[in-house]
Amino acid sequence: MKKDYKIERRRVFLIPDLPAPLTKASVHLQIFDNYIENTRLRLRLVRSPETKQWTYILEQRFPASEDLTSWNVAEIYLNETEHQAFEQFEGREVKTNERVETNELRFNRYFYEYNNYRLAIDVYLGALWGLNLAKVFFETEEEANKFQAPDFVVVETTNNPFFVGTNLVGKSLADVRKVINDK
């Protein structure tokens, strides 16, 4: 059976904060990613603070190659009733080294225009408060390769598996700092 995936081409950058003129009060989306253990699935909940509207998405995602710039992505948009069947996976607590953690990542997503590109800037909440990642999505590999990062970028994290969502579950800002400092 053939599965149909869209290819998501992206580059990811660590940034120190929101670039001007954005502020934490700027228009944004609230995103809750719940990773379903031992699968390539995540349940994504997106809330618009302005409209108070929720969007529920079940996603399967995995790298399209060794290079983490291309991902295979399949999405199913759920209605509220369908979402309720998956609520058991939201905020599930897991124990790691005597610490109680969750399988959920929370962040606010802001949008920033730069050289005819729209950057999606994720400001992480909770234990990852202080982690800010800017993602740029591309139609072609050539376009991704030609992209010049903005001056406010600290480092590119595209091909560092530590910064893949599922790997950030249970991590703290101290873990991020260690990875950056060990580089």
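Which residues of the largest nonpolar core touch the most other members? They are Leu119, Ile121, Val136 and Phe147, out of a core of 17 residues. Bear in mind as you look around that this is a predicted model. Here's a quick tour, starting from that core and working out to some aromatic pairs, a buried histidine and a few backbone oddities.

**The nonpolar cores**

- Three strands each put at least two residues into the largest core: S8 (104–114), S9 (117–124) and S10 (132–138).
- S9 gives the most, with four residues.
- Val136, one of the residues picked out above, touches Arg9, Arg10, Arg11, Phe13, Tyr117, Leu119 and Phe147, leaving aside residues up to four places away in sequence.
- Apart from this core there's another one, made of 16 residues, and Val12, Leu14, Phe163 and Val176 are among them.

**Aromatic rings**

- You'll find eleven aromatic pairs in the structure.
- One of them joins Tyr114 and Phe147 edge-to-face, with 6.0 Å from centre to centre and 75° between the planes.
- That pair ties together distant parts of the chain, as its two residues sit 33 apart: Tyr114 is in strand S8, while Phe147 is in the loop between helix H2 (141–146) and strand S11 (155–156).
- Are these two partners buried or exposed? Tyr114 has a relative accessible area of 18%, so it counts as buried, and Phe147 is buried too, at 4%. The cut-off for buried is under 20%.
- Tyr114 and Phe147 also belong to one aromatic cluster, along with Phe13, Tyr117 and Phe138.
- Phe147 therefore turns up in two settings: it's among the core residues that touch the most other members, and it's part of the aromatic cluster, all while being buried.

**Arginines over rings**

- Arg40 lies over the face of Phe62, and the distance to the ring centre is 4.0 Å.
- Arg118 does likewise with Phe111, lying over the ring's face at 3.9 Å from its centre.

**His28 and its surroundings**

- Look for His28 in the loop between strand S1 (6–14) and strand S2 (29–35).
- Why does His28 count as buried? Because its relative accessibility is 14%, and buried means under 20%.
- What does the side chain of His28 reach at 2.8 Å? It reaches the backbone oxygen of Ser26.
- Further along the sequence, His28 touches Pro49, Asn108, Arg109 and Tyr110, with residues up to four places away not counted.

**Backbone oddities**

- The loop between S1 and S2 also holds Pro21, and the peptide bond leading into Pro21 from Ala20 is cis, with omega near 10°.
- Over in the loop between S8 and S9 sits Asn115, whose phi is near 45°, a positive value in a residue other than glycine.
- Asn116 lies in the loop between S8 and S9 as well, and its phi is positive too, near 65°.
- How do these two asparagines fare for accessibility? Asn115 has a relative accessible area of 54%, so it counts as exposed, and Asn116 is exposed with 82%. For reference, exposed means over 50%.

Terms used: Residues numbered from 1 in each chain as written. Predicted model: local features only at pLDDT ≥ 70, side-chain atom pairs only at ≥ 80, totals over all residues. Heavy atoms only, no water. Buried < 20%, exposed > 50% of the residue type's maximum accessible area, 1.4 Å probe, protein only. Polar contact = N/O pair within 3.5 Å; in protein donor to acceptor, adjacent residues only side chain to side chain. Contact = heavy atoms within 4.5 Å. Core = buried A, V, L, I, M, F, W, Y, C linked by side-chain atoms within 4.5 Å. Phe/Tyr/Trp six-rings, centres within 6.5 Å; stacked < 30°, edge-to-face > 60°. Lys NZ or Arg CZ within 6 Å of the ring centre and 35° of its normal.
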